[in-house]
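Please open the structure in your viewer and keep the sequence panel beside it. The stops below say what to select next and what can be found there.

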Amino acid sequence: MQFQADVLGSHVVAPAAAEITATGAAYAAGLATGFWSGLDELRANYTITHGWEPHMSADERTRGVAAWRIGVERTLDLAGKTG
């Protein structure tokens with residue numbers, strides 16, 4: 001997660017719920033059916049267990065993303081070649 005914070009240049013958090021996608025779907029269904037009273041009730045259930053702050057400089061992030069894009073392009077070029 002530190003890598004995501006560095007690349008995004010943003011604070012990243014990890015929720016207590018391991019399956020946050022499933023939790024989100026359950027919350028949406030519960031809101032639609034009236035099981036949950038509203039978003040405030042859902043926010044009260046949301047707990048953050050960890051947080052990460054970016055440590056990468058903007059220049060380092062720019063260079064890293066550029067190098068990643070070159071690697072993706074090379075991979076796509078190799079995948080497009082037939083033997």
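## Stop one: the aromatic rings

Begin by selecting Tyr27 and Trp36, both of which are buried in this predicted model. With their side chains shown, you will see that the two rings form an aromatic pair of the edge-to-face kind, with 5.3 Å from centre to centre and 80° between the planes. Trp36 counts as buried because its relative accessibility is 17%, and the limit for buried is under 20%.

Now add Phe35 to the selection and look at its ring beside that of Trp36: the centres are 5.1 Å apart and the planes stand at 90°, so this pair is edge-to-face, given that angles over 60 degrees are classed that way. Phe35 has a relative accessibility of 62% and therefore counts as exposed, the limit being over 50%. The structure holds two aromatic pairs, and Tyr27, Phe35 and Trp36 together form one aromatic cluster.

## Stop two: helix 2

Next, select residues 20–33, which make up helix 2. This helix has 14 residues and reaches 20 Å from its first C-alpha to its last, which is close to the 20 Å expected at 1.5 Å a residue. Just after helix 2 comes Gly34, whose phi is positive, near 85°.

Within helix 2, pick out Ala26, which is partly exposed because its relative accessible area of 45% falls between the limits of 20% and 50%. If you draw a distance from the C-alpha atom of Ala26 to that of Ala44, a residue 18 positions away along the chain, the separation is 15 Å.

## Stop three: Asp6

Move to helix 1, residues 2–8, and select Asp6 inside it. Is Asp6 buried or exposed, and which side chain of opposite charge is nearest? Asp6 is buried yet has no salt bridge, and the nearest side chain of opposite charge, that of Arg61, is 5.9 Å away. Leaving aside residues up to four places away in sequence, Asp6 touches Glu53, Pro54, His55, Met56 and Arg61, and these can be shown as sticks around it.

## Stop four: Thr47

Then go to the loop between helix 3 (39–45) and strand 2 (48–52), where Thr47 is found. With a relative accessibility of 44%, Thr47 counts as partly exposed. Select Ala14, Pro15 and Ala16 as well, since Thr47 touches these residues when those up to four places away in sequence are not counted. Thr47 and Ala16 are 31 residues apart in sequence, while their C-alpha atoms are 5.5 Å apart in space.

## Stop five: the whole chain

Finally, clear the selection and show the chain as a cartoon, coloured by secondary structure. What does the secondary structure of the chain come to? There are four helices and two strands, and read along the sequence they follow the pattern α-β-α-α-β-α. The radius of gyration of the chain is 20 Å, well over the 12 Å that the globule rule gives for 83 residues, so the chain is more spread out than a compact globule.

Turning the view along the principal axes, you can frame the C-alpha atoms in a box of roughly 55 × 35 × 15 Å. Of the 83 residues, 12% count as buried, and among them are Tyr27 and Trp36 from the opening stop. Of the contacts in the chain with a separation of 6 or more, 75% are accounted for by residues 24 or more positions apart.

Note on methods: Residues numbered from 1 in each chain as written. Predicted model: local features only at pLDDT ≥ 70, side-chain atom pairs only at ≥ 80, totals over all residues. Heavy atoms only, no water. Phe/Tyr/Trp six-rings, centres within 6.5 Å; stacked < 30°, edge-to-face > 60°. Buried < 20%, exposed > 50% of the residue type's maximum accessible area, 1.4 Å probe, protein only. Lys, Arg positive; Asp, Glu negative; His and termini not counted. Salt bridge = Lys/Arg side-chain N within 4 Å of Asp/Glu carboxyl O. Contact = heavy atoms within 4.5 Å. Expected span 1.5 Å × (residues − 1). Rg over C-alpha atoms; globule rule 2.2 N^0.38 Å.
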